[in-house]
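User: I am a first-year student and would like to work through this structure by question and answer. Please reason step by step and close each answer with what was asked for.

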Amino acid sequence: MGENIFTGIAESLRAFLYGAGVPPLASELIVLIVKLLAVIIFVSLNVMWMVYMERKIAAYIQCRIGPNRVGPKGLLQLVADGVKLLAKEIIIPRRVDKVVYLAAPILVFVPPMLAFAVIPWGDGMAPIDLNIGVFYILAVGSLSTIIFWMGGWSSNNKYSLVGGMRVVAQMVSYELPLVLSLLGVIMLTGTLSITEIVNAQRGTWFIFAQPLAFLIYFIAGVSEVNRVPFDLVEGESEIIAGPYTEYSGMAYAMFMLAEYSSMMVISCMCTIMFLGGWLAPFGWTFLPSWFWFFIKVYLMIFIFMWIRWTYPRIRVDQLMGFGWKVLVPLSLANIFVTGVGMYIYRAIGW
């Protein structure tokens, strides 16, 4: 039911272009561009929904109501907020590096959007199916560190500079355990292809084979997207708003929306690497693969939001100590145990 609706649309477009006499190379390029545009539009709509979702979840946890005035159930509150932000003046302080200052809130969307280009939204639904998909996502994801530093450094403000330095230290520190946590899965599958990693979980999801790696990845992912309790990027009690201090209006909103895009990337990778991707649980294949993929992704997003409105922010020394003294040794231990387990498994011929 609806399994091939999206792949069918792509095939229909490809057949139409071939029938119209468009050369094969040009046809494939047009289909690829349409796929990428569809992903960008779809992700942008999802980010808007996630803002509304978080406000409602926060209200529920805090025994409040949340948006409920503008539109049915407050759904048009996002439109009202968007119009307000677009109408606000972007105030540019004197002596900033204008090019870098204005480029940062635009470029901050580039890494997550590049990552979405290779994420499979269902069985056979990857816009670009790379055989090194995991490596590609980790590579483009690391670019965000430079962009946050651009925003802090170009603002010509000491609070912004300190905030930029802290975000670089935090993201670099937690990228290491995040990457190491994925090595156990890669060792078990012997591939960097996202599609092959998902197919390898048809028997058992890797959350059961690699529970410690899943926990490390999730914690490091929370830190990578600067969410509570690791939101040291804009610790209001210490450094005002971090690298965002001198940004206003839509420029500030772009940084905030990029956080939700990155959270969706982390949730998608968590689903792919540990939760079976688009594979249905309990053999419930009567629902399409993309349905199960989004159920798992939004379950992870809900947990992100649940944690944000439950735990307080930790100190920066606790943050760095936890990353280097706890997560990195645990991730290395997980790699060692996985290697030993694979050796024993093969030695006894299982």
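User: Is Asp231 buried or exposed?

Analyst: The model is a predicted one. In it, Asp231 has a relative accessible area of 11%. A residue under 20% is classed as buried, so Asp231 is buried.

User: With which residue does the side chain of Asp231 meet in a salt bridge?

Analyst: Asp231 lies in the loop between α11 and α12, and its partner lies in the loop between α14 and α15 (316-347), so the pair ties together parts that are 82 residues apart in sequence. The salt bridge has an N to O distance of 2.9 Å. The partner is partly exposed, with a relative accessible area of 29%. The residue that meets Asp231 is Arg313.

User: How many salt bridges does a search of the whole structure find?

Analyst: Side chains of opposite charge can pair when their charged atoms come close. Asp231 and Arg313 form one such salt bridge, and Arg227 and Glu54 form another, at 2.6 Å from N to O. The search of the whole structure gives a total of 8.

User: How many residues apart in sequence are the parts that Arg227 and Glu54 tie together?

Analyst: The side chains of Arg227 and Glu54 meet in a salt bridge. Arg227 is in the loop between α11 and α12 (236-239), whereas Glu54 is in helix α2 (residues 24-61), so the pair ties together parts whose separation in sequence is 173 residues.

User: Which residue of helix α14 meets Glu54 in a salt bridge?

Analyst: Glu54 is buried, with a relative accessible area of 2%. Its partner in helix α14 (residues 289-308) is 254 residues away in sequence, so this pair also ties together separate parts. That partner counts as partly exposed at 28% relative accessibility, and the N to O distance is 3.4 Å. The residue is Arg308.

User: Which residues are linked with Glu54 in a network of salt bridges?

Analyst: Glu54 meets Arg227 in one salt bridge and Arg308 in another. The network also includes Glu259. The residues linked with Glu54 are therefore Arg227, Glu259 and Arg308.

User: Which residues does Glu54 touch, not counting those up to four places away in sequence?

Analyst: Two of the residues it touches, Arg227 and Arg308, are also members of its salt-bridge network. The full list is Arg227, Tyr260, Met305, Arg308 and Trp309.

User: Is the peptide bond from Val228 to Pro229 cis or trans?

Analyst: Pro229 is in the loop between α11 and α12. The omega angle of the bond from Val228 to Pro229 is near 10°. This peptide bond is cis.

User: How do helices α11 and α13 run relative to each other?

Analyst: Helix α11 (residues 211-224) and helix α13 (residues 249-274) pack at an angle of about 175°, with their axes 11 Å apart. Angles over 145 degrees count as roughly antiparallel. That makes the orientation of α11 relative to α13 roughly antiparallel.

User: By class, which residues make the contact of α11 with α13?

Analyst: Helix α11 contributes Ala213, Phe214, Tyr217 and Gly221, while helix α13 contributes Ile266, Met269, Cys270 and Phe274. By class, the contact has 7 nonpolar, 1 polar and no charged residues.

User: Which residues touch the most other members of the largest nonpolar core?

Analyst: In soluble globular proteins, nonpolar side chains tend to be buried together. The largest nonpolar core here has 83 residues, and its largest share, 15 residues, comes from α13. The residues that touch the most other members are Phe116, Trp121, Met273, Phe274 and Ile301.

User: How far apart in space are Leu102 and Phe116?

Analyst: Leu102 is in helix α4 (residues 98-107) and counts as partly exposed at 37% relative accessibility. Leu102 and Phe116 are 14 residues apart in sequence. From C-alpha to C-alpha, their separation in space is 24 Å.

User: What is the phi of Cys63?

Analyst: Cys63 lies in the loop between α2 and α3 (77-87) and is exposed, with a relative accessible area of 74%. Although Cys63 is not a glycine, its phi is positive, at about 60°.

Key:
Residues are numbered from 1 along each chain as its sequence is written. This is a predicted model: local features need pLDDT of at least 70, side-chain atom pairs count only at pLDDT 80 or more; totals for chains, interfaces and linings use all residues. Side-chain values use heavy atoms; hydrogens and water are left out. Axes are lines fitted to C-alpha atoms, for helices over the stretch in contact, and angles run from 0 to 180 degrees between N-to-C directions. Helices (H or I, at least four residues) and strands (E, at least two) are DSSP runs, numbered from the N terminus. Angles under 35 degrees count as roughly parallel, over 145 as roughly antiparallel, 65 to 115 as roughly perpendicular and the rest as oblique. Contact means heavy atoms within 4.5 Å. Ala, Val, Leu, Ile, Met, Phe, Trp, Tyr, Cys and Pro count as nonpolar, Asp, Glu, Lys and Arg as charged, and the others, Gly among them, as polar. A salt bridge is a side-chain nitrogen of Lys or Arg within 4 Å of a carboxyl oxygen of Asp or Glu. Buried means under 20% relative accessible area, exposed over 50%, partly exposed in between (1.4 Å probe, protein chains only). A nonpolar core is a set of buried Ala, Val, Leu, Ile, Met, Phe, Trp, Tyr and Cys residues joined through side-chain atoms within 4.5 Å.
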